[in-house]
Structure formats: C-alpha cells, structure tokens
Amino acid sequence: MKKQRYFQLTQDAVTKLAENYGTPLLVLSLEQIEKNYNFMREQLPQVKIHYAMKANPDLRILETLAEMGSCFDVASDGEIRTLAELGISGDRLIYANPIKTGSGLKACNDSGVYRMTFDSEAEIKKIAAACPGATVLLRLRIDNAKAHVDLNKKFGAPADKALSLLKAAKEAGLDAAGIAFHVGSQTVVADPYLEALDLVRSIYEQGAKEGMKFRVLDIGGGWPIPEPRVRFNLAEMMAQIKARLDEDFPDTEIWAEPGRYMCGTAVNLITSVIGVNERNGQTWYFLDDGIYGSFSGVIFDQWDFKLISFKNSGKKHQATFAGPSCDSLDIMFRGKMTEELEIGDLLLVPLCGAYTSASATTFNGFHKAQIVVWEEVREQLKLRLAKAV
Ligand SMILES: Cc1ncc(COP(=O)(O)O)c(C=O)c1O
C-alpha cells in the first residue's frame with residue numbers, strides 16, 4: 001500500500017535559512033502540495049477535489065493547485081474575490097459556508113459561483129433571492145465523537161430534516177443536487193465517513209421513492225496529517241472510502257473539500273528561542289512565534305506541534321514553551337519534553353502548513369512569520385533536498 005510522505009528540512013537547511021531570512025520563518029514546499037494533490041487523485045480517482053483554502057490561502061498554493069486542475073471550497077466574499085483575481089473561474093468554486101453573508105452572495109453573482117451549501121429554511125430564502133437557480137447541497141449533521149475538531153457542533157441539518165429541506169430548496173427554484181457533509185477535521189479512521197455514507201445512501205434512496213433524484217455527493221474535508229502519538233494509514237482509509245463510493249454511489253458525482261491534508265504537510269516553521277527563565281521550579285522557553293502567530297492551532301485545534309532542536313544530549317526535561325507577546329494566554333505547551341535549550345537556539349516545527357499562517361495576527365506589533373518557497377530558496381542557498389519523512 002502506498003505511503004504518504006511529508007516535507008521536513010534538514011538541520012543544515014534550518015541553519016542556513018535562519019541565517020539568510022531570520023526567524024520566525026515558514027518554509028513552504030510546493031512540490032509537497034503537488035504530491036498531496038496527486039496522492040488524493042490516485043487514491044480517490046472518482047473525487048473532484050475542492051481545496052478548502054481557509055486552511056492556507058497562500059497565493060502560491062492556490063496557483064499551484066489551480067494549475068493542477070483543482071477546484072476550491074470557499075467560505076467568504078474575500079476568498080471568492082482572491083480566486084477571481086487569480087483568474088480562477090467561478091464554476092470551479094463551491095461556497096461551502098452554510099451561513100452566507102450578503103457580500104458573499106454578491107461575490108458569487110459577480111464571479112459566476114453557482115454551487116453552494118445550506119442547512120436551514122432561512123438560508124434557502126436568502127440563496128433563492130440572491131442567486132436564483134443556484135445548485136445547492138444540504139449540509140448534513142454527522143455525529144462523530146472521534147473528530148479532533150468537531151464542525152458539526154455548529155453546522156448541519158439533522159438527517160430527519162434532510163429531505164424536507166431539499167424539497168423546500170427545489171420548490172424555491174433551486175437546483176437541489178444532493179448532500180454535503182464534514183466528518184470533523186483530522187479524522188484518522190474511515191468509520192465516520194462510512195457511517196456518513198450509509199446515512200446519505202438511505203436519504204438518497206428515500207428521496208428516489210419520493211421522486212427526488214440526487215446526482216451529487218460532497219464528502220467534505222477532515223482528511224488527516226501525521227500528529228504526535230497518533231497512528232493511522234491514510235492510503236488504507238482512502239481505499240475503504242473509495243470501495244464504498246464505488247459500491248453505493250457509482251453514478252453520483254463525488255466532491256471533496258480537503259484543507260488540512262492538502263497543505264499541512266507542506267510547511268515547516270523555524271523559530272528561535274528568545275528567552276529562558278526558571279519559574280516555580282519549571283523551565284520556561286520563550287520563542288519568537290506564538291499563539292497569536294503560527295501556533296494558534298494549539299488553541300483552535302488543540303494541536304500538539306512537534307519541536308525538533310537537533311540536540312542529542314540524551315537528557316530531556318519538561319519545560320513550558322511560550323510565545324513572544326505580553327499576553328499570559330500566549331503559552332503553547334506545558335510539561336513538554338525537550339533537550340536543554342539556550343537563547344539563540346533554533347527549533348524546527350514540521351507539519352506547520354494548515355491553520356497556522358492562515359489565522360496568524362500581528363498582535364502586540366509582532367510581525368507574522370515570513371513565508372519562503374523551498375523550491376526557490378534551495379537553489380539560491382545551494383541546500384540539499386529536504387528529507388522526505
Ligand atoms: C465546509 C468545510 N469544508 C472543508 C473544510 C476543511 O476541513 P479540513 O481542513 O479538516 O480538511 C472545512 C473546515 O473548516 C469546512 O468548514
């Protein structure tokens with residue numbers, strides 16, 4: 001079974017990149033983005049990929065994926081307009097935010113976006129008034145207690161309301177094409193997808209009995225990236241989902257909205273230790289990137305980032321890691337095992353591409369981490385290829 005690999009810088013590259021560009025620095029591999037796209041295409045050939053650009057809206061990622069033929073999942077007028085400015089036509093977009101703004105619907109009309117999701121009567125009225133005839137998918141609520149980030153607490157209609165809402169959409173003149181779901185971000189087993197597919201199949205069968213034929217199914221995002229202490233086999237997971245789609249939805253157009261999966265493995269962060277302190281018997285390390293910068297996933301996603309110091313003393317101790325701002329919320333990790341560090345030491349944080357720079361702020365006047373493209377800087381600095389882990 002094919003194994004997914006990911007981008008990780010060598011110690012030499014980390015040192016030279018920090019010398020040349022300073023820290024905090026995000027290093028983006030567009031080759032890794034291409035690999036991720038191709039891997040998903042190979043594993044799920046029947047799926048039309050819509051990159052969920054909220055995970056990382058870097059223009060170079062968008063351009064790379066657009067060139068490869070990807071479609072896009074957007075959530076706002078800003079995202080729609082960004083893609084329009086890149087020359088990506090509206091028919092490649094799905095406006096997959098179940099609650100839309102007036103400016104979002106206007107941007108749809110301006111850019112030719114006609115595919116969207118909804119999960120309430122109120123939204124049907126809004127869409128029918130602003131974008132008559134739009135193709136709509138009902139966002140179904142999926143109960144997945146195992147999801148790392150459960151989006152179903154906020155969105156999705158219950159299964160017993162699905163058909164009546166789709167009928168109401170049709171009666172309002174919309175093209176009620178099917179169902180969309182999101183099993184929750186960083187889902188590491190196939191089961192929640194398979195359970196969701198069972199649910200959708202029963203709704204589609206019931207719909208057929210009542211004269212409603214659905215032609216589209218959107219299986220959403222949620223696809224995982226490696227994380228500390230979690231084991232999963234992505235190829236196996238995708239193979240199980242593919243088999244079920246082949247069996248139960250052979251004549252249905254299948255869409256997916258991967259976000260984290262597409263960009264998470266393609267970026268490394270290089271951050272420096274800028275302060276050291278002993279407080280109440282605990283060692284504290286202060287870094288030049290923090291919760292308000294690239295590490296917001298610690299709060300938003302309860303994400304545990306791996307820190308690589310390249311030290312091999314064999315002696316590790318527990319320490320607290322905090323960001324550079326003056327806010328006491330700006331603490332990333334407590335009790336994290338680490339080698340002893342000094343001011344000026346560099347830390348490499350792999351798997352830093354999703355929901356990192358996308359939500360970074362300049363709180364307290366700290367600048368966001370600069371982003372460089374690995375395939376450009378490695379030539380200039382004559383660096384060895386990054387390690388494929
Ligand atoms: C509607 C929708 N689709 C796709 C995604 C991307 O999810 P993930 O990054 O887990 O693949 C999200 C994430 O919030 C979402 O809300």
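Trainee: Into which classes do the residues of the shell around the ligand divide?

Mentor: A ligand shell can be read by sorting its residues by chemical character, and in this predicted model the shell divides into 7 nonpolar, 6 polar and 4 charged residues.

Trainee: Which of the 17 residues around the ligand come nearest?

Mentor: Ala52, Ser185, Gly221, Gly259 and Arg260 come nearest to the ligand among those 17 residues.

Trainee: Why does a radius of gyration of 22 Å agree with a compact globule?

Mentor: The value is read against what a compact globule with that number of residues would have, and because this expectation is near 21 Å for 389 residues, the 22 Å of the protein chain agrees with it. Along the principal axes, the C-alpha atoms fill a box of roughly 70 × 45 × 40 Å, and 47% of the 389 residues count as buried.

Trainee: Which residues touch the most other members of the largest nonpolar core?

Mentor: A core is read through its members and their neighbours; this one holds 113 residues, of which Val27, Leu93, Val136, Leu138, Ala162 and Ile179 touch the most other members. Helix α8 (residues 191–209) supplies the largest share of this core, with 6 residues, while domain 1 (70–257) and domain 2 (264–388) each contribute at least three residues.

Trainee: What does Ile179 touch, leaving aside residues up to four places away in sequence?

Mentor: With those neighbours left out, Ile179 touches Leu137, Leu138, Leu140, Ala162, Val200, Ile203 and Leu217. For the protein chain as a whole, 74% of the contacts with a separation of 6 or more join residues 24 or more positions apart.

How values were computed:
Residues are numbered from 1 along each chain as its sequence is written. This is a predicted model: local features need pLDDT of at least 70, side-chain atom pairs count only at pLDDT 80 or more; totals for chains, interfaces and linings use all residues. The radius of gyration is taken over C-alpha atoms; the globule rule is 2.2 Å times the number of residues to the power 0.38. A residue is buried if 20 or more other C-beta atoms lie within 10 Å of its own, exposed if 12 or fewer, and partly exposed in between; C-beta atoms are placed from the backbone. Two residues are in contact if their C-beta atoms, placed from the backbone, lie within 7 Å. A nonpolar core is a set of buried Ala, Val, Leu, Ile, Met, Phe, Trp, Tyr and Cys residues joined through C-beta atoms within 7 Å. Helices (H or I, at least four residues) and strands (E, at least two) are DSSP runs, numbered from the N terminus. Domain bounds come from an automatic or database domain assignment. A residue is near a molecule or strand if its C-beta atom, placed from the backbone, lies within 6 Å of it. Ala, Val, Leu, Ile, Met, Phe, Trp, Tyr, Cys and Pro count as nonpolar, Asp, Glu, Lys and Arg as charged, and the others, Gly among them, as polar.
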